[in-house]
Amino acid sequence: MDECMVVAEADALRNFGWWMWSDPTTSNHCNWWRITCNEARHVIGIRLEEHVGDQFRIGINGPIYDQIDTLTKLTHFDLSKKYELTGSIPQKIGSLTKLTYLDLSHSQLSGCIPDQISSLIKLTYLDLSNNLLSSGIPDQIGSPTKLTYLDISADGLTDSIPYQISSLTKVTYFDNFKNQLSSGIPDQIGSLTKLTHLDLCYNQLTGSIPHQIDGLTKLTYLDISNNQLTSSILHQIGTLRELCYLYLSLNHLIDSISSSIGFLIELTSLNLRRNRMNGSIPPEIGYVKDLIYLKLDSNSISGEIPSQLKNLKRLEKLDLSNNSLSGKVPPFIIHYCKCSIYLSNNDHLKSYTPSLRNGGHKISLGVKVSLYFTLVFVNFIILGLVFGCLWKKRKVQPESTATKKNGDFFSIWDFDGKFGFENIVSATKNFDIRYCIGVGGCGNFYRARLRCGKVVAVKIFHGSEIEEPTHLRSFKNEGKLVSYAVGLDWIKRVNIVKNNAHALSYMHHDCTPPIIHWDISSNNILLNSELEGFVSDFGIARLLNPDSSNRTLVTGTYGFIAPGFGVVALETMIGKHPGELITSLSSPLCQDIMLRDELDSRLSLAEDLQVAKDVVFVVFLALKCINSNPKSRPTMQQVSYKLCGNYHFLNHLIMPFLSTN
């Protein structure tokens with residue numbers, strides 16, 4: 001009888017047609033690619049998740065046949081990232097009662113989640129995300145009570161979150177973003193007391209945040225943004241003392257920000273933008289000393305900017321724009337804050353006059369660096385002056401007569417544009433060809449030494465470009481400077497990748513409409529005097545109109561065309577363009593590659609454990625970003641969030657990359 005079952009399992013696998021390349025009519029099915037059998041030759045594991053190069057070894061297409069019910073001993077079933085997998089999830093999957101791990105994510109599966117999932121009572125891991133599923137979440141989702149990981153995001157699921165989820169008391173990770181769920185967040189969510197990650201963003205959830213959320217005391221990540229939630233932020237939010245990321249943006253939340261936010265001392269990112277909140281900024285927010293990102297823009301917040309914000313020493317971005325703030329801009333923001341600050345469209349906010357005319361709140365001066373050449377040798381580079389929202393602290397200097405008369409060329413507060421243009425025209429002899437230092441797809445670059453001694457490179461758009469309204473509005477203030485580059489250690493390289501990711505995340509997800517750069521390459525990264533990275537050269541960038549069709553014309557720098565961020569991140573770590581590495585990883589003959597052998601050999605391996613973790617994680621994310629299937633690449637918002645967090649799961653991977661000295 002047992003032998004008959006083994007034969008039936010082998011026949012079922014043959015009928016799937018997924019192992020035709022290995023001549024399954026004559027071979028032992030237990031030896032087929034990614035099949036695991038027990039001693040009795042019963043199939044207990046199918047692991048066909050995508051690995052680099054797998055697409056050359058095995059082809060998965062068509063549906064999951066009903067014969068799957070033959071594999072009654074199966075405990076591990078992984079078909080993730082098989083993009084040609086179609087059809088519905090068969091009801092007979094309920095026959096696999098020994099399953100503990102089921103991953104059918106990133107495929108083309110349609111239909112509904114079968115009710116028979118209730119039979120999978122031993123399941124601990126379930127991922128059905130990124131498919132084409134429809135209808136609602138079945139009530140039976142609460143039956144596998146041993147679940148610790150549940151991801152049903154980006155599936156197109158509708159209706160509401162069933163109250164039966166209260167049975168999943170062991171789940172630590174629950175991802176349900178980017179569906180079409182409506183109704184409210186069920187009170188029963190408070191029963192999931194072991195949750196560390198809860199993502200319900202990009203749905204149509206209504207009502208209020210249930211007060212039962214105060215039971216989720218182990219949460220480190222909470223995202224309920226992009227919904228239709230109303231009411232206020234509950235004071236119970238202060239009980240979530242482990243929270244590192246809190247995202248409630250793009251809802252209809254009202255009233256003031258609860259002072260209990262001050263209890264979230266582990267918080268690194270707080271995003272409440274684009275709600276209907278009023279009242280003042282609670283001074284208690286100054287207790288959250290690990291904050292890196294604070295976004296409160298596009299609300300109706302009033303009052304003064306609290307002085308307690310000066311305690312946020314790690315802050316990298318502060319966005320208070322589009323509110324009703326009043327009073328003076330606090331001196332500490334002008335003199336000491338090194339973060340990116342956005343205060344525009346606060347009609348009653350007064351500038352801090354003594355500093356503004358002496359160098360406070362200036363445009364950041366960025367250095368445009370080809371990262372490859374920076375890593376190789378000290379070289380002349382093009383610096384970028386990006387007229388925008390980034391304000392930088394500068395030394396206080398006495399005002400010259402020319403500055404008093406015509407304004408500071410590098411200040412948006414008192415800059416005389418007419419004088420600045422005349423200064424440039426004079427310095428370039430009316431843009432004489434002798435001063436032309438480069439020709440781009442959208443314009444020419446000219447080198448000019450200004451009367452103040454600064455050397456700039458100015459971009460003059462071609463006629464066809466300057467006539468296009470989007471170019472004229474978005475990019476007419478672009479300019480560049482000339483300076484020297486210096487070597488970059490591992491910490492600086494990691495920070496440059498982070499800066500790049502945060503900038504792209506802001507452009508893609510925080511700008512309205514979103515900005516698509518179209519030419520992310522190492523040549524278009526700016527470094528300032530502190531070697532902080534900035535995105536530059538918006539010559540072919542476009543504003544994304546959500547009401548129009550997507551643009552498909554291929555543009556950009558050869559070797560960096562999408563996915564550009566992943567390529568640049570890899571180049572930063574290995575010190576050269578990663579084309580050869582990418583080709584090797586995609587080859588069916590690819591052997592195991594040690595990361596330590598690929599990293600830039602001009603730098604010694606990291607001796608510090610945290611630095612080693614950072615380097616490994618950057619490479620890990622970069623490889624995710626260059627996945628051959630665009631649907632499998634993370635968004636820049638996801639990359640940005642990940643780079644701000646802790647990644648304990650890498651601990652077992654770090655040792656090979658640490659210096660042994």
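This passage looks at model confidence, one helix and a set of salt bridges.

The structure described here is a predicted model. Across the protein chain the mean pLDDT is 77, with 73% of the residues at 70 or more. Confidence falls below 50 over residues 352-407, a stretch that nevertheless has 172 contacts in the model beyond near neighbours in sequence. Residues 464-486 likewise stay under a pLDDT of 50, and here the model has 64 contacts beyond four places in sequence.

A good place to begin exploring is helix 13, which runs over residues 609-625. From its first C-alpha to its last, this helix of 17 residues reaches 24 Å, close to the 24 Å expected at 1.5 Å a residue. Helix 13 is largely enclosed by the rest of the structure, because 12 of its 17 residues are buried. Among the buried residues are Val611, Ala612, Val615, Val616, Phe617, Val618, Val619 and Leu621. The charged-type names Lys613 and Asp614 also appear in the buried set, as does Cys625. At the N-terminal end of helix 13, Asp608 acts as a cap, with a side-chain oxygen 3.0 Å from the backbone nitrogen of Gln610.

Attention now turns to the salt bridges. Side chains of opposite charge can pair when their charged atoms come close. The structure holds 8 salt bridges, one of which joins Arg273 to Asp297 with the closest N and O atoms 3.1 Å apart. Arg273 sits in the loop between strand 15 (269-271) and strand 16 (293-295), while Asp297 sits in the loop between strand 16 and strand 17 (302-303), so the pair ties together parts that are 24 residues apart in sequence. With a cut-off of under 20% for buried residues, Arg273 counts as buried at 6% relative accessibility, and Asp297 is buried at 2%.

Another salt bridge pairs Arg314 with Asp290, whose closest N and O atoms are 3.6 Å apart. This pair, too, links distant parts of the chain: Arg314 lies in the loop between strand 17 and strand 18 (317-319), and Asp290 lies in the loop between strand 15 and strand 16, 24 residues apart. Both partners are partly exposed, Arg314 with a relative accessible area of 43% and Asp290 with 29%.

A further salt bridge is found between Asp600 and Arg602, with 2.7 Å between the closest N and O atoms. Asp600 is buried, at a relative accessible area of 4%, whereas Arg602 is partly exposed, at 42%. Through shared partners, salt bridges join Arg493, Asp600 and Arg602 into one network.

Technical notes:
Residues are numbered from 1 along each chain as its sequence is written. This is a predicted model: local features need pLDDT of at least 70, side-chain atom pairs count only at pLDDT 80 or more; totals for chains, interfaces and linings use all residues. Side-chain values use heavy atoms; hydrogens and water are left out. pLDDT is the predictor's confidence in each residue, from 0 to 100. Contact means heavy atoms within 4.5 Å. Helices (H or I, at least four residues) and strands (E, at least two) are DSSP runs, numbered from the N terminus. The expected span of a helix is 1.5 Å times one less than its number of residues. Buried means under 20% relative accessible area, exposed over 50%, partly exposed in between (1.4 Å probe, protein chains only). A polar contact is a pair of N or O atoms within 3.5 Å; within protein, one must be able to donate a hydrogen and the other to accept it, and residues adjacent in sequence count only if both atoms are side-chain atoms. A salt bridge is a side-chain nitrogen of Lys or Arg within 4 Å of a carboxyl oxygen of Asp or Glu.
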